[in-house]
Amino acid sequence: MSAAVVATDTRAIVYRTRGAKHGPITRLMSPGDLGEYLKPFVFLDLFGFDTTGGHKGFGMHPHSGIATLTWLIEGDTLYEDTTGEQGVLRGGGVEWMRAGNGVWHTGAPAPGVTRVQGFQLWVALPAAEENAPAQSIYLAPSQVPQDGPARVLLGRYGAAQSPIPAPSPMNYLAVQLKDGERWRYTPPAGHTVGWVAVNAGRLDAGDGTGGSIGTGELAVFEESDAALDFVAQGDTAFVLGSAVPHPHELVMGHYSVHTSRATLDQGEAEIRRIGAKLREEGRLA
């Protein structure tokens with residue numbers, strides 16, 4: 001990862017990307033690229049589609065070794081997972097899936113929904129949790145705590161703390177600012193990983209380059225736990241991640257990320273076992 005760092009009294013942006021677009025999904029980060037530098041945050045998709053275009057959602061698929069957090073910005077979705085949970089996640093709600101040793105899940109637009117938008121984040125788990133039993137938590141919009149303009153999806157900000165147990169020290173916030181509104185984020189000590197991804201409007205991060213972060217763009221900040229200052233250019237919405245760096249290697253499967261080949265093999269074996277059971281039950285083609 002290379003970029004010129006401008007010497008200023010604020011945290012510099014060291015990398016920007018608009019990711020790679022695959023139909024209605026923009027992949028802003030994956031374990032094989034930025035995820036290696038931003039771990040424990042290892043994967044980020046921004047998705048948005050109209051159901052009138054025939055998109056039926058995301059079919060049943062597996063994970064292991066990670067947790068996924070889906071922030072559903074707009075559009076109710078039906079969910080089901082192999083921990084036994086199923087129901088409707090409302091727009092503004094959160095799905096947390098600690099895949100651990102292995103899980104399958106699915107999501108699809110609820111009947112009558114015409115537009116769906118959100119972010120899906122993958123979080124690398126520490127060695128003690130990467131093969132733990134799967135756990136799913138679904139938060140209604142009213143259960144997502146908020147302090148000022150920030151909804152706390154993981155971790156703590158101000159007086160608000162997420163009910164989801166973060167697997168390691170990290171914050172993940174969804175922030176909305178009005179045109180011209182200023183907001184400062186002061187990370188906890190040791191949160192030297194920091195990034196933002198904008199889904200509406202433009203964001204001036206005051207890093208001295210004179211450029212702003214636009215809709216659909218992810219910006220990475222230099223390693224530091226110094227404060228970040230933002231000014232909205234137009235009504236702006238974005239997600240922000242900060243964390244203590246993940247100390248483990250990333251060992252990747254197709255839907256999995258573990259800390260070693262042995263733990264990956266264990267997780268993938270459990271994925272195959274669950275998949276075979278789903279096929280026997282007629283729930284998987």
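Strand β3 makes a convenient entry point, as four of its five residues are buried, leaving the strand mostly covered. The model described here is a predicted one. On one side, β3 is joined to β2 by three bridges, and the two strands run antiparallel. Within this pairing, Lys21 has Thr26 of β3 as its bridge partner. The two strands form a hairpin with two residues between them, and Gly23 in the turn shows a positive phi of about 60°. β3 also pairs with β4, again in antiparallel fashion, here through four bridges. Two of the facing positions can be picked out by eye: Arg27 lies opposite Asp45 in β4, and Met29 lies opposite Leu44 in β4.

These pairings belong to a wider arrangement. An open sheet of seven strands runs in the order β2-β3-β4-β11-β6-β9-β12, with antiparallel pairing. The edges are taken by β2 (20-22) and β12 (135-139); each has a single partner strand, so one side of each is left without a neighbour in the sheet. On average, neighbouring strands of this sheet are turned by 15° against each other, direction ignored. As general background, strands of a sheet pair through backbone hydrogen bonds, either parallel or antiparallel.

Several of these strands reappear around the largest pocket, which holds about 640 Å³ of space. The pocket is lined by 34 residues, of which Phe58, His61, His63, His105 and Gln120 are the closest to its centre. At least two lining residues come from each of β3 (25-29), β4 (41-50), β5 (58-63), β6 (66-74), β7 (77-81), β10 (103-109) and β11 (115-124). Among the contributors, β10 gives the most, with five residues. By class, the lining of this pocket comprises 17 nonpolar, 14 polar and three charged residues.

Enclosed space can be described as well. A search of the whole structure for cavities of 30 Å³ or more returns one. The largest cavity contains about 30 Å³ of space. Its lining is made up of Gly65, Ala124, Leu125, His246, Glu249, Leu250, Val257, His258 and Thr259. Sorted by class, the lining of the largest cavity has four nonpolar, four polar and one charged residues.

Turning to the interior, it helps to recall that nonpolar side chains tend to be buried together in soluble globular proteins. The largest nonpolar core of this model has 33 residues, and those touching the most other members are Leu44, Leu69, Phe119, Tyr172, Trp195 and Leu218. A second core, separate from it, has 22 residues, including Val175, Val196, Phe221 and Phe238. Leu44 thus comes up twice, as a residue opposite Met29 and as one of the residues with the most contacts to other members of the largest core.

Val196, one of the residues of the second core, lies in strand β19, which covers residues 193-204. Its relative accessibility is 0%, so Val196 counts as buried. Val88 offers a point of reference elsewhere in the model: Val88 and Val196 are 108 residues apart along the chain, and their C-alpha atoms are separated by 28 Å.

Notes:
Residues numbered from 1 in each chain as written. Predicted model: local features only at pLDDT ≥ 70, side-chain atom pairs only at ≥ 80, totals over all residues. Heavy atoms only, no water. 1 Å grid on protein atoms, 1.4 Å probe; cavity = no way out; pocket = protein on both sides within 12 Å on 5 of 7 lines; lining within 4 Å. Points joined across faces, edges and corners; volume = space filled by probe spheres on them. Nonpolar A, V, L, I, M, F, W, Y, C, P; charged D, E, K, R; others polar. Core = buried A, V, L, I, M, F, W, Y, C linked by side-chain atoms within 4.5 Å. Buried < 20%, exposed > 50% of the residue type's maximum accessible area, 1.4 Å probe, protein only. Pairing = 2+ DSSP bridges. Axes fitted to C-alpha atoms, helices over the stretch in contact; angles between N-to-C directions.
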